[in-house]
Amino acid sequence: AAWDRAREVGAASARLRLASDPEHYVEVHVIDVTEEHGVYLEVVVTEAGASPWPDKTPAPNARARVATMRKDSQSFIMSIDESVTDLLGWRPEQMIGHRTIEFTDPEHVVLAITTYIDMLRNPGSSRRSRVRFQRADESWLWVEVTNHNLLTDDGGYVLAEIVDVSEEMAY
């Protein structure tokens with residue numbers, strides 16, 4: 001909610017219980033500085049003795065959380081990076097030449113298409129949506145997909161950045 005509010009009005013705050021330490025809270029302040037710096041600034045303030053980050057190092061074989069693919073204007077996949085295979089289990093030859101909608105949860109198809117069409121209408125724009133993609137093992141993964149309309153560039157394409165948000169959605 002704080003993130004959405006910051007996008008609407010420029011700044012917002014929220015008090016959150018830590019999943020890693022439910023006895024403690026953090027305050028999260030989100031500030032929109034995209035006009036000057038192209039990013040949202042997020043400040044996390046903790047209670048004394050609390051840490052918002054678990055005292056764990058990622059496992060050496062940890063799965064990728066961010067991946068990219070290139071698509072054409074009709075959403076046919078042109079290429080994927082190795083992180084897509086790590087996230088979803090599909091090999092490049094199983095995805096290339098297929099539309100991303102084929103991997104999208106049927107409940108999210110309308111949202112995915114609407115967001116994609118809106119992005120296509122505005123050259124140079126980006127649009128974001130949260131959907132579930134099917135993995136090769138037939139399980140589902142919550143992802144946030146940001147499609148960047150680079151179609152007017154030489155050799156134009158749509159760059160899709162895919163972020164695993166399954167842990168966030170589980171909360």
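1. E144 is buried, with a relative accessible area of 17%, where buried stands for under 20% relative accessible area, exposed for over 50%, and partly exposed for what falls in between, computed with a 1.4 Å probe and protein chains only. The model is a predicted one, in which local features need pLDDT of at least 70 and side-chain atom pairs count only at pLDDT 80 or more, while totals for chains, interfaces and linings use all residues. Residues are numbered from 1 along each chain as its sequence is written, and side-chain values use heavy atoms, with hydrogens and water left out.

2. Side chains of opposite charge can pair when their charged atoms come close. The structure holds six salt bridges, a salt bridge being a side-chain nitrogen of Lys or Arg within 4 Å of a carboxyl oxygen of Asp or Glu. One of them joins the side chains of R128 and E144, at 3.5 Å from N to O. Because R128 lies in strand β6 (residues 126-134) and E144 in strand β7 (residues 140-150), this pair ties together parts that are 16 residues apart in sequence. Helices (H or I, at least four residues) and strands (E, at least two) are DSSP runs, numbered from the N terminus. R128 itself is partly exposed, with a relative accessible area of 39%.

3. E144 also forms a salt bridge with R130, and here the closest N and O atoms are 2.8 Å apart. This pair, too, links distant parts of the chain, with R130 in strand β6 and E144 in strand β7, 14 residues apart. At a relative accessible area of 27%, R130 is partly exposed.

4. R130 has a further partner in E168, with the closest N and O atoms of that salt bridge 3.0 Å apart. E168 lies in helix α6 (residues 166-170) and R130 in strand β6, so the pair ties together parts that are 38 residues apart in sequence. E168 counts as partly exposed because its relative accessibility is 45%. Taken together, R128, R130, E144 and E168 are linked in a network of salt bridges.

5. The loop that follows for comment is the one between β6 and β7, where E138 is placed. E138 has a positive phi of about 75° although it is not a glycine, and the residue is exposed, with a relative accessible area of 62%.

6. A positive phi is also found at S75, which is not a glycine either and has a value of about 70°. S75 lies in the loop between β4 (66-71) and β5, and at 9% relative accessibility S75 counts as buried. A reviewer may wish to look at the backbone of both S75 and E138.

7. D81 has its place in the loop between β5 (77-80) and α3, and with 25% relative accessibility D81 counts as partly exposed. Leaving aside residues up to four places away in sequence, D81 touches A67 and T68, contact meaning heavy atoms within 4.5 Å. From C-alpha to C-alpha, D81 and A2 are 32 Å apart in space, and they are 79 residues apart in sequence.

8. A polar atom of the D81 side chain lies 3.1 Å from the backbone nitrogen of S83. S83 belongs to helix α3 (residues 82-88) and is buried, with a relative accessible area of 18%. What does S83 touch, not counting residues up to four places away in sequence? The residues in question are A64, V66 and A67.

9. On the surface, I31, L41, V43 and V45 make a nonpolar patch of about 280 Å², the accessible areas coming from the Shrake-Rupley method with a 1.4 Å probe, and for residues only the protein chains shown count as cover. Patches are made of residues with over 30% relative accessible area and no salt bridge, with like charges joined within 9 Å and nonpolar side chains (Val, Leu, Ile, Met, Phe, Trp, Tyr) within 5 Å. Strand β3 (residues 40-46) supplies the largest share of the nonpolar patch, three residues. V43 is placed in strand β3 and, at 35% relative accessibility, counts as partly exposed.

Conventions:
A polar contact is a pair of N or O atoms within 3.5 Å; within protein, one must be able to donate a hydrogen and the other to accept it, and residues adjacent in sequence count only if both atoms are side-chain atoms.
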